[in-house]
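Biologist: Could you take me through this model? I would like to discuss the chain contacts and then one chain in detail.

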Amino acid sequence: MFAFIVRRLLQFIPTILGISLIMFLLLNLIPGNAALSSAGRLELAPEVVEQIKAELGLDKPIVQRYVQYITRLAQGDMGQSYLRRYDVSEVVFSRLGATLKLAFAAISIALLIGVPLGFFAALKQGTWMDMLLTVVAVGGVSIPQFWLGILLMYFFGFMLHLLPTSGYGNGSLANLVLPALTLGLGYTAMLARITRAAVIEVLTSDYVRTARAKGLSELAINVRHVFRNAFVLILTTAGLLFGSLIGQTVVVERLFSWPGIGSLVVEAIFQRDIPVAQGCLLVIIFVFLTVNLLVDILYRAINPQIDFE
Amino acid sequence: MMLKSIFAHKNLMFGGTIVVLVVLMAIAAPLLAPFDPVFDADLMNSEMPPGGEFLFGTDTNGRDVLSRVIHGARISLSVGLVTQILNTIIGVSLGLVAGYMGRFWDDLIMGLTNIMLSIPVIVFALAIMAALGPGLINLFIALGLTNWAYTCRITRAQVLSDKKKDYVKAAKSLGYSRASIMFTQIMPNILGPVLVIATLGSAEAILLEAALSFLGLGAQPPTPSWGGMLSSARDLLFVAPWLSIFPGIAIFVTVLGFNMLGDGLRDLLDPKSVGATKLGGVR
Amino acid sequence: MNLNMLKCLAFAAIVGFAGTAQAADSGGEFNFVAPYDGSILSLDPHKTSKQQDLLVTNNIFRSLYMWSAEHRKPMLELANLESVSDDGLTYTYKLHADMMFHNGRAMKASDIVYSYERMLSMKPVSPNAGHIQIIQGAKAFESGGADHVEGLSVLDDLRFSITLNDRVDPAYYFYRPGTAIVPQEAVEAAGDEFGLSPVGSGPFKFEEWVKGSEVKLSKFDNYFEAQKPYLDKLNFKILQEGSTRDIAFRANELDAILVEASQYPQYKADPSYSEHLVEVAEMFTRLISWNADYAPLSDKKVRQAISYAIDEDTINKKFLKGKAYNPVGWLPSTSEAFDANGKGFGYDVEKAKALMAEAGYADGFELEILGTANKSYGVGVAEVVGQYLSKIGITVTTQQLEGGILYDKLVAGDFQGIIWSFGSGVEPLKALKRWHSTTANDSGNYVKYNNPEYDALLDKAQNTNDEQKRVEYLQAADRIFADDAAVWLFNYNKAVLAVQPWVHGIEPVAIEIMYQDFADVWVDANSPRAK
């Protein structure tokens, strides 16, 4: 187990290096630059733009800039934001918490609603209830997120006055509900489908048939065998979903003015603030890889016989 | 088992019907649409509610929404189709090479696959769109280059298990070249799962186009893309609701169709992998 | 149209004055928006040139001059002008006594010098340094050739003088929020992080900045204007989505918002809001720049034909929902040299066709117009323009680009047509000088406009001391520019704030309506956030 963890941690390094190289090249290929985008709606004097460009080092060759970047990164320094003119780590980490919170809330909603729904559909497999739940579940992953978000905002925020329409609101729970619902609905649907499939698989497996033959009550079977076995799959799936969620909050954060890392990375790309965009991606990917690793460790601990390669 | 397969067919039939209808709509668009989706524009008809001459109303430029929704089917389907063809070609080729060649190539390609799996597709696509500029062709490139990792993984896994099988060994001993073994012997065996992924991927690509439009980097106006129409109507949701409702429904139904078709295909072709649903397909 | 416009202005002014006529209530909290491009980047006014940032710092800091919505020009804020030298280059000021920074220290003349020198000496240079470069010796100091800016002198604790390179009115440079006065010791103590916890001398002091979400300010008790500010708390919520802003305002979560064109008619039609709209012709003129190097566009007749063929009145009414003023020339209706009797080209397709035929383009030509995704002056408008131009045979294609890239193309002359919005204020001569043949093509005169008659009128205006003559020369020059159709004039932006009925003192600020001075704003007891 220990060797497995170490090996996986070592695998982080080439992945992160590879991503940093790909994204660095891509972001530097984008036409325009931070000096220009700092002009905003005002027209800056061309000599001021040139001067800012030179002082940010944007006139140096790209290879030199990448080597400089990666050398600093190895020392734990993500550099300074071109536009904010202070440390990237300050910019990125001040936004990470909001995204983690949003992702956690979304995945909790997905678990709380999706798992019981999927479980129910599996027990009623083949009936109209199952069909209905399946259509609803597939429907959930078929709505454009921003559209769903505006509708929720309108009904719960404006019409019913139940919840704040947008914003972070000092991190209060009320502000979290709508963005988490918008983000979570698709994942609810996905977890419901996965749960349904997993439960059906267990239900048709030999040991449930044996249990039934032994005369155990349906309820006892459901609780004791089915749920416990499906549980492992569902939980690991939820873990993996959580890891990928960190990078999927872009649209919801922008719509709800949620101060997370997703809205930040989009802005940084638009503003050509390359150090910030890079910093965001590195953090997103680090979280993703770490969560995946934790899920694998957990999975391994539960099922020691699993072969990972 | 009986029930399950009927159920699979239900999904398949329902999803398939939707997709076929949308395809027909796209093919017959110029015949079905009462107006030209781009050029029949008159500001005097700006934002007319549904009814009369304009069944679905008009947009701010005075264009017929019905005609734009009908023509939008062409855009959305081409987004789904083209990006998935690209993804599939890239994913399958790399997967075959990785699985069959092994060693260095395997390490390299799997490393790349892990990288692709770690970068959120929407962020990657956004960066590519920012580099290339908005527009339909660029959208094909951005979405076609970023979402092939699952296909690659599954192909490789299939190759690894097939490699040990008799028919591949037989082909080898008969002196078939590596390339021809890869493409004639192994490939037919992976078509099922790849088709499932591509079908679900089409649904994802259509939603991604909408998300990128929301962020300002989708297909470019005046292209009548559903995502673009929905995105530009978001400020008008309560002034001119028909501008969001119709393209919204069009996206929803089409994506639903592709998703159900994909689910049905999986149940039919690949029942074993039922639990291992593709992750990350939500926008 | 013009009458309506004046009514709007008059009305807006009344809304503004209502705040001073009634006795103002003190206390309460105000939720305003930061509606532009996403996150606030820095609250250090010297390190940013984004409106999104400066609309906040404008209330934390103060500059030497400040824009007055009432007088429609910059007025002295921090000091009195003691004298101007005979050559018109040296200005001597005396700071008001007892002006405090938020850290409790009184402002001194040396703070002015420190602030201006800081902008020039910081690395990378301040994006706002351009305004300071009018001071004698600024360039030498910036390049390291001098220890101090020669034109800046501290005379005593409160008195200082500024010597300029040319005879220009310093008010038009030192009123900018990006030239705010900062306290040296606080800046030096915070280092790079001054922009994260700013210390100024404005009516509100910094409390908290939830990155990406909002900036919270609170009343500065020692603000130098008596009894001001009225509000206890002022929050700027970052809300770049128009639809999100709209819903939040209607849910009474916000006290005032910037209104988008798409939402404008609804606010106009809604009796509970229509009387509380603050509108102003912002000093931005929207236009399509024509590249005279593209053969068809080098012909004045073709350009005029284009102007005749496009019905800007209908576009402004229907596409922008009336949230724009029809243009008559370069200078916007809030400019002091605006020509109230001026007329645009109007809409006349027959005349346009005739002109096209005269120019030898009866069969039309192809034309590419570049623009951003902006809804009021982007490719969406260019599309509509294309609809009109197709009637005279011109085939328009549009291409959407981002602002920075567009700017690059504009500067490089790499375009046929670009739709954009340019500043056309504040000082009319300075605004018109953009099109003077001696203005560099990469720093304003992007269309390479060159008309000796126009140049001569501007030169006359510069050299006259007769205020009335000056305005006449400027108006005549503007008419020539408009008639040459070097650009297609689209509109002057009508900026609109929707304000809740309980809010008083929001002003129609023509330089940028979001630059509100909250020292004067108060809320009555009907506010859900009243004390």
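Modeller: The following exchange covers chain C first and the contacts with chain A afterwards, and the model is a predicted one.

Biologist: How many helices and strands are there in chain C?

Modeller: Chain C contains 18 helices and 19 strands. Its radius of gyration is 24 Å, close to the 24 Å that the globule rule gives for 531 residues, so chain C is as compact as a globular protein of that length. Along the principal axes, the C-alpha atoms of chain C fill a box of roughly 70 × 55 × 40 Å.

Biologist: And what share of the residues of chain C counts as buried?

Modeller: Of the 531 residues, 56% count as buried. As for contacts in chain C between residues at least 6 apart in sequence, 70% join residues at least 24 apart.

Biologist: Take strand 1 of chain C: is it largely enclosed or not, and why?

Modeller: Strand 1 of chain C, residues 29–34, has five of its six residues buried, so it is largely enclosed by the rest of the structure.

Biologist: Which strand does strand 1 of chain C pair with?

Modeller: Strand 1 of chain C pairs with strand 10 of chain C in the parallel sense, over six bridges. For C:A34, the bridge partner in strand 10 is C:I238.

Biologist: Moving on, which residues of helix 17 of chain C are buried?

Modeller: They are C:Y454, C:L457, C:L458 and C:A461. These residues cover an arc of only 95° around the axis, which puts them on the same side of helix 17 of chain C. On the other side of this helix, C:P452 and C:N463 are exposed.

Biologist: What covers those buried residues of helix 17 of chain C?

Modeller: The cover includes helix 16 (428–433) and helix 18 (467–484) of chain C.

Biologist: Now the contacts. How many residues do chain C and chain A bring to theirs?

Modeller: Chain C brings 43 residues and chain A brings 46 residues. On the chain C side, at least two residues each come from helix 4 (129–132), strand 10 (233–238), helix 8 (242–250) and helix 15 (403–412). That side of chain C divides into 15 nonpolar, 14 polar and 14 charged residues.

Biologist: And how many residues does the contact between chain B and chain A take from each?

Modeller: This contact takes 42 residues from chain B and 49 residues from chain A. Helix 11 of chain B gives the most to the chain B side, with nine residues. By class, the side of chain B that touches chain A has 28 nonpolar, 10 polar and four charged residues.

Note on methods: Residues numbered from 1 in each chain as written. Chains lettered and ligands numbered in written order. Predicted model: local features only at pLDDT ≥ 70, side-chain atom pairs only at ≥ 80, totals over all residues. Contact = placed C-beta atoms within 7 Å. Helix = DSSP H or I, 4+ residues; strand = E, 2+ residues; numbered from the N terminus. Nonpolar A, V, L, I, M, F, W, Y, C, P; charged D, E, K, R; others polar. Rg over C-alpha atoms; globule rule 2.2 N^0.38 Å. Buried ≥ 20, exposed ≤ 12 C-beta atoms within 10 Å, placed from the backbone. Pairing = 2+ DSSP bridges. Arc of directions from axis to C-beta.
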